[in-house]
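Me: I would like to take a close look at a single part of this protein, namely the site of the ligand. Please describe the surroundings of the ligand and then place them in the wider context of the chain.

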Amino acid sequence: MTAEKIREIVSKMTLEEKASMCSGADFWHTEAVERLGIPASMVSDGPHGLRKQDQEGDHLGVNESIKAVCFPAGCGTAASFNRELLHQMGETLGEECQAEGVSVILGPAVNIKRSPLCGRNFEYYSEDPFVASEAAGALIHGVQSKNVGTSIKHFLANNQETRRMSSDSKIGERALREIYLAAFEGAIKKEKPWTVMCSYNKINGKYAAENHKFLTEVLRDEWGFEGYVMSDWGAVNSRVKDLQAGLDLEMPSSGGSNDKLIVGAVQSGELPERVLDMAVARILNIVFRYEENRDKNAVFDRDKDHEMARRVAQETIVLLKNEGVLPLSEKDEIAFIGKYAKTPRYQGGGSSHINSHKITSALDEVKDMANVTYAQGFDDKEDKTDEAMLAEAVEAAKKAKVAVIFAGLPDAFESEGFDRSHMRMPDCQNELIARVAQVQPNTVVVLHNGSPVEMPWVNQVKGIVEAYLGGQAVGGAVCDILFGKVNPSAKLPETFPLKLEDNPSYLFYIGERDKVEYREGIFVGYRYYDKKKMDVLFPFGHGLSYTTFEYSNLRTDKDTMKDTDTMEVSVDIRNTGDIAGKEVVQLYVADKESTVIRPVKELKGFEKVELAPGETKTVTFRLDKRAFAYYSVKIQDWHVETGAFELMAGSSSRDIRLTKEVTVESTVKIPFVYTTDTTVGDVKKDPRAWEIAKTLIKKDLFGGEEEGSAASEAITDEMNEAMERYMPLRGPVSFGAGSVTMGDVQAVVDKLNALEEG
Ligand code: BGC
């Protein structure tokens with residue numbers, strides 16, 4: 001519908017009708033205004049399947065929703081590093097929505113994995129904003145290609161569940177820009193989601209829902225977002241203020257109470273009516289965009305979509321460790337051990353919970369193979385070793401050639417609504433793995449979990465397969481990987497630290513009653529572990545294959561570029577093994593020298609390539625200013641410092657295969673502001689400035705100790721140089737025996753600033 005037509009409808013609406021449009025009619029629908037032909041529009045969770053509630057609604061997944069298809073959760077889909085696959089998954093979800101009359105699916109969820117403890121990490125993509133944003137973008141593109149909207153969430157800085165409705169995320173501007181906003185930015189700018197969902201929490205003292213800076217200045221003015229902003233369910237605290245900040249739709253319904261506040265505020269003149277009109281226009285625009293593009297032929301083919309879920313799962317399973325034990329031979333005697341072989345944990349709890357139409361377990365998948373035995377090994381209702389089950393599992397493992405243990409986190413260990421209190425798996429499962437590994441050298445562990453776990457048995461087993469929460473078809477996909485029908489190709493979108501205490505947010509995570517300080521700043525995930533040169537259990541970007549890849553010929557189309565230009569980077573990848581496989585080629589960028597504190601390297605490109613044995617393909621990336629920039633708080637913009645950068649092509653963040661140095665020239669000069677506190681060392685960096693400032697040094701500031709005297713022995717040359725380097729320009733006033741006044745210093749400072757301004 002044209003903007004003009006929408007304006008016309010808005011102009012015909014009464015004040016009361018407009019106010020009612022800004023809050024849900026019920027749990028899942030926007031308000032209808034029949035006399036003007038405005039239909040109610042349904043939204044549903046999300047993000048990795050359709051949670052459409054036909055009957056009574058709730059935001060915690062309590063009441064039954066329609067039978068649907070559960071795809072792998074975000075933790076896994078990000079691990080695919082496959083934009084095309086995520087796009088296809090999005091298309092499937094879009095089609096399901098069309099068939100079910102859902103106008104907007106509530107996802108993707110892109111919040112940064114600040115700590116392995118966040119209860120909703122399973123829904124989120126990555127510790128790296130580029131990965132999160134690219135994954136989200138691909139899914140959005142797919143869903144919206146079917147004329148169904150998405151709601152990228154939860155905007156902003158909702159990185160824990162503890163006190164999520166009232167906590168205050170205290171974050172510095174650089175970290176906000178480079179990490180937390182960046183996870184949304186690329187996807188919003190490129191893929192234009194129809195809606196954005198604001199989070200519950202405060203950011204630097206202000207609720208997301210009432211945050212003009214983020215909902216209007218950043219989202220709309222800077223990023224060009226044109227859809228509507230809806231609240232997370234119950235995130236509205238102050239309806240009128242929120243509307244003014246840029247929050248269009250309150251969800252769910254306030255039962256009319258907030259509508260009255262809006263009407264009153266317009267009548268009293270507190271709220272300009274055009275603010276309300278704008279919000280209503282944005283909502284109507286999306287309501288009609290969906291209505292006018294209904295696909296009457298869309299079908300929700302659950303069996304077909306189950307197969308799609310399996311295809312996605314195949315690429316979300318990360319092979320973490322393999323000492324020659326995988327792939328398994330179908331002829332071998334194999335013991336499947338662990339409850340999750342029979343009833344996989346394949347999704348998380350809460351609002352994303354799908355009522356799966358069918359579930360395939362690994363055991364279902366091997367039901368025709370007589371050589372596979374099964375022992376439950378543990379129960380996940382409580383963390384207690386069952387000696388009989390353990391003994392049965394050990395016996396089964398002993399008799400087999402290989403033992404595959406299906407373990408992971410029980411539902412009670414991770415979910416929406418609360419955070420984990422530690423990073424361990426249940427003790428009973430750890431014990432089971434250790435005991436099986438004692439009797440069976442060929443032990444493989446398959447993990448079903450949404451977030452990293454500690455692995456005390458890592459050196460006792462030969463294979464580890466991270467299946468994440470792989471959706472309803474996970475059992476089939478795991479078997480495809482175990483038996484080599486599919487070559488694993490996923491990579492970790494997050495670091496697995498050795499222990500929780502290694503995580504950069506550890507000291508401050510979940511915060512105090514009224515605030516959560518993000519003191520690690522930009523050093524989230526590998527940005528921290530790399531800087532600290534720390535050993536980790538498995539690094540960001542890690543994931544093995546049954547074949548091998550060789551990297552060669554890292555090259556660029558130019559060695560020097562201006563920051564207004566772009567640079568093409570290419571690298572050749574060859575499959576040097578005997579079977580076909582896919583490799584995720586990662587491109588990191590490192591600033592070799594910087595006046596600001598920066599990570600050792602940051603991911604700025606990735607591509608997944610499929611290669612037949614012996615085949616070589618060239619992978620090409622295009623880097624622009626953002627790939628080299630940091631966010632300058634001073635100029636409130638992205639900035640590149642002129643100088644050398646290293647491009648690093650690798651198979652993981654800790655497996656860099658090739659590097660190349662390039663130069664980037666900045667076209668923006670950040671003027672240096674001199675003050676009387678500026679140090680001599682900093683002034684000397686510009687010889688022209690030093691020419692002016694050196695006039696302040698009228699005599700030896702440190703008294704010129706005689707060589708050989710006791711005083712000269714106390715002062716090394718290094719110390720002397722440092723004393724001068726760090727001497728503020730006002731130093732000569734104190735040390736110059738009256739030769740320089742503060743007025744002289746100020747006069748020099750003024751000249752220096754005049755020089756700087758040119
Ligand atoms: C969750 C959202 C979800 C909404 C509706 C909230 O509790 O945070 O992610 O979309 O409920 O179920």
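Reply: A polar contact is a pair of N or O atoms within 3.5 Å. With that cut-off in mind, one may examine the ligand in this structure, which is a predicted model.

Arg-51 provides a suitable starting point. An N or O atom in the side chain of Arg-51 is 3.3 Å from an oxygen atom of the ligand, and this pair therefore falls within the 3.5 Å cut-off. Two further residues can be described in a similar manner. For Asp-45, a polar side-chain atom lies 2.5 Å from a ligand oxygen atom. For Arg-120, the corresponding distance from a polar side-chain atom to an oxygen atom of the ligand is 2.7 Å. On its own, the ligand has 310 Å² of accessible area, and the protein covers 100% of it.

The surroundings may next be considered as a whole. There are 15 residues around the ligand, and those that come nearest are Asp-45, Arg-120, Lys-153, His-154 and Asp-232. Sorted by class, this shell has seven charged, five nonpolar and three polar residues. The space that the ligand takes up is the largest cavity.

Finally, the wider context is given by the domain assignment. It lists domain 1 (3-38 + 102-291), domain 2 (309-509), domain 3 (549-665) and domain 4 (680-757). Between domain 1 and domain 2, the C-alpha centres lie 37 Å apart. These two domains are also in contact, through 20 residues of domain 1 and 27 residues of domain 2.

Notes
Residues numbered from 1 in each chain as written. Predicted model: local features only at pLDDT ≥ 70, side-chain atom pairs only at ≥ 80, totals over all residues. Heavy atoms only, no water. Near = heavy atom within 4 Å. Polar contact = N/O pair within 3.5 Å; in protein donor to acceptor, adjacent residues only side chain to side chain. Areas by Shrake-Rupley, 256 points an atom, 1.4 Å probe, with all protein chains shown as cover. 1 Å grid on protein atoms, 1.4 Å probe; cavity = no way out; pocket = protein on both sides within 12 Å on 5 of 7 lines; lining within 4 Å. Sits in = over half its atoms within 2 Å of the grid points. Nonpolar A, V, L, I, M, F, W, Y, C, P; charged D, E, K, R; others polar. Domains from an automatic or database assignment. Contact = heavy atoms within 4.5 Å.
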